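Here's a quick tour of a few helices and one loop residue. Have the structure open while you read.

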Amino acid sequence: MRTVPMEQPGAQRTDRAIPLPGLGQVPWSDIRDSTGPAADIPLLLRRVASGDARTAGAALDELRGRICQYGFVVEQATAATVPFLWELAQLPGVTCRPRIIQLLRSIADARQWESVAAVYPKLLNHPENPVVWERRARQAVRSRSGALPALLADRDHDIAEATAELADALAE
C-alpha cells in the first residue's frame, strides 16, 4: 500500500501558489528565448515567486540568461515575460524584488540589436527581426511604469533604490 507523504510541521513550502494571471495564456512553446522554445519560462517565474530565497534567486538568474543575456541582449520571449516580472516586483512575499527591478532596468536599457542594425541594416530584413523584439520588450517595461510610485515608496531601501534607477532609465 502506498502512502502519501505528509508535510512536516514547520516545514517551509517553496511551491506556494502566487497567482500570475495570464501566464497560461502566453504561447510559450511558440516563442523563443536564448535556449530555444520558451516553454520553461512559466516554471522559472513560479520559482521566482516561491518563498524560498535560494530557489527564487537561482530561477531569476536562469530567467535573466534566457530573456536578457549578458544584461543587454533581449530575446523574442522577453516582452511576453515583462508583465509577470512587474507583477512579481510588486508582491511583498517575493524574495528577490530588487533584482527583478534591476532586470526590468536592463531590459529598458537594451539597445544591442538596434546598435547592430545601425551598422548592418540587413538585420532589419531578417525574418526573426530582433530589433522588433527589443523595441517590444522596452515598450512592455514602459507600459507598466504606473507601478513605479508604489515601488519608490517601498520601505525596503534596495527596492526603492533599484526602482529609482529604473525610473531614470525610463525617463531617458
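## Helix 3 against helix 4

This is a predicted model, and a good place to start is a helix pair. The axes of helix 3 and helix 4 come within 9 Å and cross at roughly 145°. The crossing of helix 3 past helix 4 is left-handed.

Who touches whom? On the helix 3 side you'll find Thr78, Val82, Leu85, Trp86, Leu88 and Ala89, and they meet Arg97, Ile100, Ile101, Leu103, Leu104 and Ile107 of helix 4. Sorted by type, the residues of this contact come out as 10 nonpolar, 1 polar and 1 charged.

## Helix 2 and its cover

Helix 2 runs over residues 53–67, and its length checks out: 15 residues at 1.5 Å each should span 21 Å, and the end C-alpha atoms are indeed 21 Å apart.

Which residues of helix 2 are buried? They are Ala56, Gly57, Ala59, Leu60, Leu63, Arg66 and Ile67. For background, an α-helix has 3.6 residues a turn, so residues three or four places apart point the same way. The cover over the buried residues of helix 2 includes three helices, namely helix 1 (41–48), helix 3 (78–89) and helix 4 (97–109), along with strand 1 (32–33), strand 3 (68–69) and strand 4 (73–74).

## A loop serine

Now hop to the loop between helix 1 and helix 2, where Ser50 sits. Is Ser50 buried or exposed? With a relative accessible area of 1%, under the 20% cut-off, Ser50 counts as buried. Its side chain has a partner, too: Ser50 reaches the backbone oxygen of Arg47 at 2.9 Å.

Key. Residues numbered from 1 in each chain as written. Predicted model: local features only at pLDDT ≥ 70, side-chain atom pairs only at ≥ 80, totals over all residues. Heavy atoms only, no water. Helix = DSSP H or I, 4+ residues; strand = E, 2+ residues; numbered from the N terminus. Expected span 1.5 Å × (residues − 1). Buried < 20%, exposed > 50% of the residue type's maximum accessible area, 1.4 Å probe, protein only. Contact = heavy atoms within 4.5 Å. Axes fitted to C-alpha atoms, helices over the stretch in contact; angles between N-to-C directions. Left-handed = near helix turned anticlockwise from the far one by under 90°. Nonpolar A, V, L, I, M, F, W, Y, C, P; charged D, E, K, R; others polar. Polar contact = N/O pair within 3.5 Å; in protein donor to acceptor, adjacent residues only side chain to side chain.
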